[in-house]
Amino acid sequence: MNDQPTPFLPLARPDIGADEEDEVLGVLRGGRLALGPKTAEFERLFAAYVAAPWACAVSSGTAGLHLAVRSLSIGPDDCVVTPSFSFISAANALRYEGAEPVFLDIERDSLCLSPDAVRVYLDSCKESEGGLFDPVTGRRVAGVVSVDAFGHPANLGALLEIASPFGIPIVSDSCEALGSRRLQGDSWVYAGTGAVAAVYGFYPNKQITTGEGGMVTGSDPDIEERVRSLRNQGRRAGDPWLHHTRMGFNYRLDELSAALGVAQMKRVEEILLRRAGVVSSYEERLRDVEGIATPEASAWADPAWFVEFLRVDEGIDRDRLVQFLNANGIESKAYFDPPVHRQPPYADRPDLVPEPLPVTEEAAARILIIPLYSRLSTDEVDRVCDALRRGLAEVAA
């Protein structure tokens, strides 16, 4: 008789093996733990993978977003368009520089920033010398931070079409979207391609991990120079030791984390393929389950899903379903509830929400996530799906 308790299935688990151990041990034995060759190698591998002219490793995705905003000289008199259905880091990165977010609604299918909502908002702004200005606050509209929600790429082509005539730059928060692609004309390009900067995150629940860490990519050499300088206390390439051209930050990635990233990038296709297999297993088993809907990609998108999310039907108590799954050893959470505009640092600010956000509010009320990681077995997927069926029966009773 087996008296062992059934193991708890977490939402995420990094795919770490012998290759990662060897890379990290190599750095430890070499003795150089910062500002070394592994960071440069990680950057080269990453830039080649996403087909970007340059990639700059940083200490986190949030740090990368902050540096992208800082590099664009966005400041206290500015506002930046971004979705509220997101992790809070995109909005916070704006606040770090004194700017304010303008929260606009998302598309129902992709859960990404709605180009139509952006167009309507920009049409409402006042145009004068120096750009567009918010009709209520008078702040200059200094940029757009799009977010690739759950790994589904934002419709960056449409957003660029809308923003570019006004000279408004777009930063792509692709922290959840490594490996995700979108159609650009007749070609598939990686999420973030075309933005002035794209930012990726490597927290342990992401497609690949460095423990903590992030990457900024782009094509503009001036942006690259600023990001590389700002991450290293404002030192520029060629500056004498302890000379700092500008005020910067300590946002460097250490060599141990970079070594982990090197090993992960050498296995990235294998990891993404395994994750895609888990997603397919869920789709096959949950396709006809009443009460929930599984993720669907837009026709122009090929997501490498960051999480397996489900949308419950109207009338299903999402929060009770989350509680049931957790009580039965399946980690589950509501995402993103509350959305950012209802979080304490941003709530009660009507100037940040120029129009109602019905799609955002619906998504926040009806979406939950379940375990997704590369080593999730078929039996474990079956266990999650069985618990979901039982949970749906209970909360619908």
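**Close-ups of two cysteines and a pocket**

Cys-56 sits buried, with a relative accessible area of 0%. That's the starting point for these views, all taken from a predicted model.

**View 1. Cys-56, a buried cysteine without a bonding partner.** Which cysteine sulfur is closest to the sulfur of Cys-56? It belongs to Cys-175, and the gap is 14 Å, too far for a bond. A disulfide needs its two sulfur atoms within 2.5 Å, so Cys-56 and Cys-175 don't pair up here.

**View 2. Cys-79 and its closest cysteine sulfur, in Cys-125.** Is Cys-79 buried or exposed? Buried: its relative accessible area comes out at 0%. From the sulfur of Cys-79 to that of Cys-125 is 6.7 Å, and that is too far for a bond. For the structure as a whole, the disulfide count is 0.

**View 3. The largest pocket, seen around its centre.** This pocket holds about 430 Å³ of space. Its lining is made up of 24 residues, and the ones closest to the centre are Phe-87, Ser-89, Glu-176, Asn-205 and Lys-206.

**View 4. Helix H3 and strand E15 at the lining of the largest pocket.** Which elements give two or more residues to this lining? They are helix H3 (61-71) and strand E15 (333-334). H3 gives the most, with 3 residues.

**View 5. The residue mix in the lining of the largest pocket.** How do the lining residues divide into nonpolar, polar and charged? There are 10 nonpolar residues, joined by 8 polar and 6 charged ones.

Terms used. Residues are numbered from 1 along each chain as its sequence is written. This is a predicted model: local features need pLDDT of at least 70, side-chain atom pairs count only at pLDDT 80 or more; totals for chains, interfaces and linings use all residues. Side-chain values use heavy atoms; hydrogens and water are left out. On a 1 Å grid over the protein atoms alone, a cavity is a set of points where a 1.4 Å probe fits but cannot get out, and a pocket is an open set with protein on both sides within 12 Å along at least five of seven lines; lining residues have an atom within 4 Å of a point. Grid points are joined across faces, edges and corners, and a volume is the space filled by probe spheres set on the points. Helices (H or I, at least four residues) and strands (E, at least two) are DSSP runs, numbered from the N terminus. Ala, Val, Leu, Ile, Met, Phe, Trp, Tyr, Cys and Pro count as nonpolar, Asp, Glu, Lys and Arg as charged, and the others, Gly among them, as polar. Buried means under 20% relative accessible area, exposed over 50%, partly exposed in between (1.4 Å probe, protein chains only).
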